[in-house]
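Here are some friendly exercises on a ligand and two pockets. Have a go at each task before you read its solution.

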Amino acid sequence: MSIAKNLLSIKNNLPEQVTLVAVSKTKPVADLMEAYEAGQRIFGENKIQEMAEKWEQMPKDIQWHMIGHVQTNKVKFMAPFVSLIHGVDSFKLLKEINKQAAKNNRVIDCLLQMHIAEEETKFGLDEKELDTLLTSSDYLELKNIRIVGLMGMATFTDNQDQIKKEFMHLNSIFKKLQSHKDILKHCSILSMGMSGDYKLAIECGSTMVRIGSSIFGTR
Ligand SMILES: *Cc1c(COP(=O)(O)O)cnc(C)c1O
């Protein structure tokens with residue numbers, strides 16, 4: 001199947017409230033352009049350098065999402081153009097994004113990455129750290145970032161019950177934040193679900209899925 005066909009068949013089956021991020025990491029610009037020509041405008045990358053190179057070469061109406069782990073010293077390379085940063089999991093990083101956004105006269109939208117998987121290796125905050133961050137006075141001083149929701153990755157397993165449990169857990173944290181407008185004014189995005197588990201993620205309340213290999217093929 002072609003990239004355009006893969007893309008459209010996924011897109012046509014997504015509920016209206018779910019946004020598709022086409023994860024194009026490692027893929028050449030020609031592949032991304034095929035998705036672009038088929039109407040896709042949101043692309044996700046996990047390396048800042050690669051995203052910046054693609055941004056330079058591609059049409060400027062694309063929204064670029066950083067979905068990978070972010071190194072503080074590289075934030076400056078994406079600050080002029082990135083549209084959403086999914087993997088924010090420390091105050092230090094948030095502070096750096098704020099600083100670079102200010103230099104570019106922008107407000108950059110961010111998602112806080114939550115640790116929901118069993119594996120030790122996956123990045124993210126636990127609920128206590130989330131609470132501490134959002135209620136700290138230091139956070140309230142950051143005027144050039146806007147936290148618009150949460151992101152999480154389930155354990156890499158075939159056990160659907162386990163994945164479901166983790167997604168439901170993330171959704172419950174998301175719902176709790178949404179009901180506390182005093183803590184987060186703009187909490188509308190729940191980024192969860194990849195090629196292998198996005199249908200389950202949507203059942204569990206996802207509003208944004210990050211799909212790579214089902215669109216562009218294996219990496
Ligand atoms: C690579 C990646 C994806 C997409 O994975 P696929 O299995 O190819 O759909 C989604 N989210 C993150 C954070 C990724 O790094």
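In these exercises Ala, Val, Leu, Ile, Met, Phe, Trp, Tyr, Cys and Pro are called nonpolar, Asp, Glu, Lys and Arg charged, and the others, Gly among them, polar. The model is predicted, with local features needing pLDDT of at least 70 and side-chain atom pairs pLDDT 80 or more, while totals for chains, interfaces and linings use all residues. Numbering runs from 1 along each chain as its sequence is written, and side-chain values use heavy atoms, without hydrogens and water.

**Exercise 1.** Find which residues are around the ligand, and sort them by class.

*Solution.* Start with the neighbours, meaning residues with a heavy atom within 4 Å of the ligand. They are Val23, Lys25, Ile67, Met151, Met153, Met194, Ser195, Arg210, Ile211, Gly212, Ser213 and Arg219. Next, sort this shell: six residues are nonpolar, three polar and three charged.

**Exercise 2.** Look for polar contacts (pairs of N or O atoms within 3.5 Å) made by oxygen atoms of the ligand.

*Solution.* Begin at lysine 25, where a side-chain N or O atom is 2.7 Å from a ligand oxygen. Move on to glycine 212: here a polar backbone atom lies 2.8 Å from an oxygen of the ligand. Then check arginine 219, with a polar side-chain atom 2.8 Å from a ligand oxygen. Finally, turn to area, computed by the Shrake-Rupley method with a 1.4 Å probe: the ligand alone exposes 380 Å², and the protein buries 89% of that.

**Exercise 3.** Describe the second largest pocket by its volume, lining and classes.

*Solution.* A pocket is an open set of points on a 1 Å grid over the protein atoms alone, where a 1.4 Å probe fits, with protein on both sides within 12 Å along at least five of seven lines; lining residues have an atom within 4 Å of a point. First, take the volume, the space filled by probe spheres set on the points: about 330 Å³. Second, look at the 13 lining residues, of which Tyr139, Leu142, Ile145, Lys185 and His186 are closest to the centre. Last, divide this lining into seven nonpolar, one polar and five charged residues.

Key
A polar contact is a pair of N or O atoms within 3.5 Å; within protein, one must be able to donate a hydrogen and the other to accept it, and residues adjacent in sequence count only if both atoms are side-chain atoms.
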